[in-house]
Amino acid sequence: MSDSNQRNKPSCCSSFLHFIRTNALSKFLIQFAQKVKKEFTWEKGLRLFLIFVGGIFMIINTLIGIVIPSSEVDCLSDKTLDLTAPLNTFFKKHNILKIILTILSSLSIDGIIVYALIIWGLFAKTSRYVLSLVSYFVLYLLIRELFQVRQPAEYIWEYPHFPSLFVSYKETSSLFYSNVLGLLMITLLEFKENKNTIPFFISVFLIIFESLFMLSLQGHYIIDIFTPIFLGHYLFILFNQFSSVFDKFFGMKDNKETQEEYDEIKDVKKDNLIPTV
């Protein structure tokens with residue numbers, strides 16, 4: 001009798017299997033596995049493989065530091081200044097050329113930003129440009145008060161005896177980060193959004209030239225070059241999304257309303273067979 005009761009009593013293994021089948025999480029995992037099996041493609045397999053390889057690399061890197069520099073430095077080390085050292089030596093010997101290029105680049109930067117501000121004041125439908133400029137400059141003023149670093153050894157950035165609206169010539173240890181590159185980046189994106197092709201490419205050229213020029217004069221470190229470009233880009237995207245909150249203050253219509261009006265006018269012209277300009 002006891003043997004028959006023992007045989008009829010469910011085993012631990014069968015109870016565990018029953019729990020798995022009835023458990024909500026298990027059901028979800030089973031359904032998920034079935035869905036993956038049904039929709040799996042080699043492209044998705046490649047993505048998962050890349051995630052796996054990337055994860056393994058990150059684990060190894062955190063343990064032994066594959067891509068973490070192991071060299072020790074006294075203050076800081078910027079290898080881009082070593083690469084541009086020949087240009088630094090060249091401009092030391094040709095000071096007049098350095099002054100001419102400084103004045104021309106500053107005039108170009110002032111001109112392109114003032115032009116963008118005038119276009120914004122007269123024709124803009126959104127406040128994103130000015131909001132991006134102001135927020136960028138406020139952050140710039142805040143960070144330069146909080147963080148200072150010693151000038152590069154061969155610092156030859158100096159006042160060319162010609163004033164500028166946006167380019168600062170004052171000798172300072174507040175090098176992080178470049179003011180003008182962020183302003184140019186925001187201006188470049190505004191031209192791109194408005195399809196102003198020529199000013200857009202002028203801005204691209206000015207960013208490239210000013211970056212190389214400041215590194216050559218050792219007026220900035222490489223981190224001072226990349227940071228404002230990415231920060232300016234981020235702020236422009238941010239205010240491109242949320243500028244409608246401030247547009248009414250500047251007497252501007254919402255971007256969506258402006259687009260709807262444009263679409264209505266376009267439809268009317270199409271219905272009346274009036275060629276669009």
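## Helix packing and selected residues in a predicted all-chain model

Phe 226 lies in helix H11. With a relative accessible area of 47%, Phe 226 is partly exposed. The C-alpha atom of Phe 226 is separated by 9.0 Å from that of Ser 211, and the two residues are 15 apart along the chain. The structure described here is a predicted model.

### Overall composition

The protein chain holds 13 helices and 0 strands. Read along the sequence, the chain follows the pattern α-α-α-α-α-α-α-α-α-α-α-α-α. The chain has 277 residues, of which 31% count as buried. Among contacts between residues at least 6 apart in sequence, 75% join residues at least 24 apart.

### Two packed helix pairs

Two packed helices are described by the angle between their axes and the distance between the axes. Helix H9 takes part in both of the pairs set out below.

| Pair | Angle | Axis distance |
|---|---|---|
| H7 and H9 | about 45° | 10 Å |
| H9 and H11 | about 40° | 8 Å |

The first pair joins helix H7, residues 95-123, to helix H9, residues 179-193. An angle from 35 to 65 degrees counts as oblique, and H7 and H9 are therefore oblique to each other. The crossing of H7 and H9 is left-handed. On the H7 side, the contact is made by Ile 109, Ile 112, Ile 113, Tyr 115, Ala 116 and Trp 120. On the H9 side, Val 180, Leu 183, Leu 184, Thr 187, Glu 190 and Phe 191 take part. By character, the residues of this contact divide into 10 nonpolar, 1 polar and 1 charged.

The second pair consists of H9 and H11, which pack at an angle of about 40°. That angle makes H9 oblique to H11. The crossing of H9 and H11 is right-handed. From H9, the contact draws on Leu 181, Gly 182, Met 185, Ile 186, Leu 189, Glu 190 and Glu 193. From H11, the residues are Asp 224, Ile 225, Pro 228, Ile 229, Gly 232, His 233, Phe 236 and Asn 240. The residues of the contact of H9 with H11 divide into 8 nonpolar, 4 polar and 3 charged. Glu 190 of H9 belongs to the contact with H7 and also to the contact with H11.

### The nonpolar core

The largest nonpolar core has 47 residues. Those with the most contacts inside this core are Ile 109, Tyr 129, Tyr 136, Trp 157 and Ile 207. At least two residues of the core are supplied by each of H7, helix H8 (128-146), H9, helix H10 (197-216) and helix H11 (223-242). The largest share, 9 residues, comes from H9.

Two of the core residues named above can be followed further. Ile 109 is also one of the H7 residues in the contact with H9. Tyr 129, leaving aside its neighbours within four places in sequence, is in contact with Ile 113, Ala 116, Leu 117, Trp 120, Ile 186, Thr 187 and Glu 190.

### Residues in the loops

Ser 127 has its place in the loop between H7 and H8. With a relative accessible area of 0%, Ser 127 is buried. Its contacts, apart from neighbours within four places in sequence, are with Trp 120, Ser 243, Phe 246, Asp 247, Phe 250 and Met 252. Trp 120 is therefore a partner of Ser 127 as well as of Tyr 129.His 161 lies in the loop between H8 and H9. His 161 has a positive phi of about 65° although it is not a glycine. At 68% relative accessibility, His 161 counts as exposed.

Gln 218 lies in the loop between H10 and H11. A positive phi of about 55° is found at Gln 218, although it is not a glycine. Gln 218 is buried, with a relative accessible area of 7%.

### A pairing distant in sequence

Leu 87 is found in helix H6, which covers residues 85-93. A relative accessible area of 41% makes Leu 87 partly exposed. Leu 87 and Ser 216 are 129 residues apart along the chain, and their C-alpha atoms are separated by 5.5 Å.

Technical notes
Residues are numbered from 1 along each chain as its sequence is written. This is a predicted model: local features need pLDDT of at least 70, side-chain atom pairs count only at pLDDT 80 or more; totals for chains, interfaces and linings use all residues. Side-chain values use heavy atoms; hydrogens and water are left out. Axes are lines fitted to C-alpha atoms, for helices over the stretch in contact, and angles run from 0 to 180 degrees between N-to-C directions. Helices (H or I, at least four residues) and strands (E, at least two) are DSSP runs, numbered from the N terminus. Angles under 35 degrees count as roughly parallel, over 145 as roughly antiparallel, 65 to 115 as roughly perpendicular and the rest as oblique. A crossing is left-handed if the near helix is turned anticlockwise from the far one by less than a right angle, and right-handed if clockwise. Contact means heavy atoms within 4.5 Å. Ala, Val, Leu, Ile, Met, Phe, Trp, Tyr, Cys and Pro count as nonpolar, Asp, Glu, Lys and Arg as charged, and the others, Gly among them, as polar. A nonpolar core is a set of buried Ala, Val, Leu, Ile, Met, Phe, Trp, Tyr and Cys residues joined through side-chain atoms within 4.5 Å. Buried means under 20% relative accessible area, exposed over 50%, partly exposed in between (1.4 Å probe, protein chains only).
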